[in-house]
Amino acid sequence: MCPYQKQGGKRVYGDTDGSLKAATAPGKAKLLSVQKKGGSKAKITWKKVPGADGYEISMRTGKGSYKPVKSITRGKTVTYAKSGLKKGKSYQFRVRAYKKSGKKKAYGDYSNVKTLKMDG
C-alpha cells in the first residue's frame, strides 16, 4: 500500500515507507528596512515568518532582473549585510521565506521591495 494525496485532480504518491512528504509554503515575508552601512554595505532587515526554515534575498540594480544574493538557512535570522555595493548606483531588495520538505523547498511570496541609493 502506498499513501497518496490528490493535487489538482491527480494522485501524488508518497514513499513506500508510509510517509507522505509535502511542504506548505510559508507566509509572505515583510521587508522592514534596507540601510546603508559604511561605504559599500547595506543592512537588510525583515520580519520573522512563523514556521519558515530560511529566507532567500534577491537584489537588482537599476532595471535589471532580480538575482538571488543570499540564502539564509536559519528561520530565526532576520538580518543580512550585503557588501560590495558601488557608489552612485541604486539597488532594490526583496525577501521570501521558504520551508523545507526533504530536499525540496516550498517558497512563500516575495516581500515588498525596498530601494537603496548608494550616494557618491
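**Contacts of E56**

I started with E56 and listed what it touches, leaving out residues up to four places away in sequence. The list holds P68, K70, S71, R94, V95, R96, Y98, Y107 and Y110. I note that this is a predicted model. E56 is found in strand β5, which covers residues 54-61.

Is E56 buried or exposed? I looked up its relative accessible area and got 10%. The cut-off for buried is under 20%, so E56 counts as buried.

I also took one C-alpha to C-alpha distance from E56. The partner was T73, 17 residues along in sequence. The two lie 8.7 Å apart in space.

**The salt bridge**

How many salt bridges does the search count? I got one. R96 forms a salt bridge with E56. Their closest N and O atoms are 3.0 Å apart. R96 lies in strand β8 and E56 in strand β5, so this pair ties together parts that are 40 residues apart in sequence. I checked burial for both partners. R96 is buried at 17% relative accessible area, and E56 is buried at 10%.

**R96 in its surroundings**

I stayed with R96. Strand β8, where R96 sits, runs over residues 90-101. What does R96 touch, again without residues up to four places away in sequence? I found A29, G54, Y55, E56, Y107, G108, D109 and Y110. So Y107 and Y110 turn up in the contacts of R96 and in those of E56, by the cut-off of heavy atoms within 4.5 Å.

I then looked at two of these tyrosines. The side chains of R96 and Y110 are joined by a polar contact of 3.4 Å. With Y107 the arrangement involves the ring: the charged end of R96 sits over it, 3.8 Å from the ring centre. My entry for R96 therefore reads: a buried arginine, at 17% relative accessible area, with a salt bridge to E56, a polar contact to Y110 and its charged end over the ring of Y107.

**Other ring entries**

I noted a lysine over a ring as well. Which ring does the charged end of K105 sit over? It is the ring of Y98, with 4.4 Å to the centre. Y98 had already appeared among the residues touched by E56. I also ran the search for aromatic pairs over the whole structure, and it finds two.

**S33**

Next I turned to S33. This serine is placed in strand β3, residues 30-37. Its relative accessibility is 19%. Buried means under 20%, so S33 counts as buried. Beyond residues up to four places away in sequence, S33 touches K43, I44, T45 and K114. I checked one distance here too. S33 and T79 are 46 residues apart in sequence, and their C-alpha atoms are 9.6 Å apart.

**The whole chain**

I closed with the totals. How many helices and strands does the chain have? I counted zero helices and ten strands. From the N terminus on, the order is therefore β-β-β-β-β-β-β-β-β-β, as runs of H or I would count as helices and runs of E as strands.

The chain has 120 residues, and 31% of them are buried. I looked at contacts with a separation of 6 or more. Residues 24 or more positions apart account for 56% of these. The accessible surface of the chain comes to about 7700 Å². Carbon and sulfur atoms hold 48% of that surface.

How values were computed: Residues are numbered from 1 along each chain as its sequence is written. This is a predicted model: local features need pLDDT of at least 70, side-chain atom pairs count only at pLDDT 80 or more; totals for chains, interfaces and linings use all residues. Side-chain values use heavy atoms; hydrogens and water are left out. Rings of Phe, Tyr and Trp (its six-membered ring) pair if their centres lie within 6.5 Å; planes under 30 degrees apart count as stacked, over 60 as edge-to-face and the rest as tilted. A charge sits over a ring if NZ of Lys or CZ of Arg is within 6 Å of the ring centre and within 35 degrees of the ring normal. Helices (H or I, at least four residues) and strands (E, at least two) are DSSP runs, numbered from the N terminus. Buried means under 20% relative accessible area, exposed over 50%, partly exposed in between (1.4 Å probe, protein chains only). Accessible areas come from the Shrake-Rupley method with a 1.4 Å probe; for residues, only the protein chains shown count as cover. A polar contact is a pair of N or O atoms within 3.5 Å; within protein, one must be able to donate a hydrogen and the other to accept it, and residues adjacent in sequence count only if both atoms are side-chain atoms. A salt bridge is a side-chain nitrogen of Lys or Arg within 4 Å of a carboxyl oxygen of Asp or Glu.
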